[in-house]
Amino acid sequence: MMNNMRNLMVACVMMMASICVAVARPETSEEGRRNRPNMEQFTRAQANRIARQLDLDDATTKKFVDAFCKCRKEIAATRIPRPAKKPENMTDAEVVRGIKARFQQGRKILYIREKYFKVYSKFLTPKQIQRVYDLERIDFQHFHKRGFKKGPQDR
């Protein structure tokens, strides 16, 4: 009788453990990979987190999140593809083209950042804007340190 009771208790514990594991398992896509937020969702979450750290009110938070997401989308649009070859396998002309493309991209990004500085200035103080830039830099360093990848193509 005592043996049967022990077996029943073990079976109940095993069943509860398997249910907990099944419930705690992250959602996966059809390919079996964990679902991750897309870049727009990630950017919106980052903007909301920055707004919370700046302690903005609801109206200002909405303005900031919209402007931040638009800024990031414009910056992402300037992205140039990585060259197919390594620099040591490229001709001098290809290397020069790549360097000039990066200069051009840098100019575009600078223009976008200046444009959105003016937008942010309408509802944030200069110190708040500087804090936004600092938090962005910290996030970038964090992801760079962790080896953040853009997507499945970079894995």
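Here's a quick tour of one cavity, the nonpolar core and some aromatic rings in this structure. Keep in mind that the model is predicted. A handful of residues turn up under more than one heading: Phe-68, for instance, lines the largest cavity and is also among the residues with the most contacts inside the largest nonpolar core.

**The cavity**

- The structure has 1 cavity of 30 Å³ or more, and the volume of the largest cavity comes to about 30 Å³.
- Its lining is made up of Phe-68, Cys-71, Arg-113, Tyr-116, Tyr-120, Tyr-133 and Glu-136.
- Sorted by class, that lining has 5 nonpolar residues, 2 charged ones and no polar ones.
- Three helices each put at least two residues into the lining: H3 (58–77), H4 (92–121) and H5 (126–146).
- H4 supplies the largest share, with 3 residues.

**The nonpolar core**

- The largest nonpolar core counts 20 residues, and the ones with the most contacts inside it are Ile-50, Phe-64, Phe-68, Tyr-120, Leu-124 and Val-132.
- Helix H2 (39–54) joins H3, H4 and H5 as the elements that give two or more residues to this core.
- H3 chips in the most, with 6 residues.

**A look at Tyr-120**

- Leaving aside residues up to four places away in sequence, Tyr-120 touches Phe-64, Ala-67, Phe-68, Cys-71, Ile-129 and Tyr-133.
- Tyr-120 has a relative accessibility of 3%, so it counts as buried.
- Two of the residues it touches, Cys-71 and Tyr-133, sit alongside Tyr-120 in the lining of the largest cavity.

**Aromatic rings**

- Searching the whole structure turns up 4 aromatic pairs.
- One of them is Phe-64 with Phe-68: the ring centres are 5.5 Å apart and the planes meet at 40 degrees, so this pair counts as tilted.
- Both of these residues belong to helix H3, where they are 4 residues apart, or about one turn of the helix.
- Phe-64 and Phe-68 are both buried, and Phe-64 has a relative accessibility of 0%.
- Phe-64 also pairs with Tyr-120, and that pair is tilted too, at 5.7 Å centre to centre and 40 degrees between the planes.
- Since Phe-64 lies in helix H3 and Tyr-120 in helix H4, this second pair ties together parts that are 56 residues apart in sequence.
- Zooming out, Phe-64, Phe-68, Tyr-116, Tyr-120 and Phe-123 form one aromatic cluster.
- From that cluster, Phe-68, Tyr-116 and Tyr-120 appear in the cavity lining as well.

Note on methods: Residues numbered from 1 in each chain as written. Predicted model: local features only at pLDDT ≥ 70, side-chain atom pairs only at ≥ 80, totals over all residues. Heavy atoms only, no water. 1 Å grid on protein atoms, 1.4 Å probe; cavity = no way out; pocket = protein on both sides within 12 Å on 5 of 7 lines; lining within 4 Å. Points joined across faces, edges and corners; volume = space filled by probe spheres on them. Nonpolar A, V, L, I, M, F, W, Y, C, P; charged D, E, K, R; others polar. Core = buried A, V, L, I, M, F, W, Y, C linked by side-chain atoms within 4.5 Å. Buried < 20%, exposed > 50% of the residue type's maximum accessible area, 1.4 Å probe, protein only. Contact = heavy atoms within 4.5 Å. Phe/Tyr/Trp six-rings, centres within 6.5 Å; stacked < 30°, edge-to-face > 60°.
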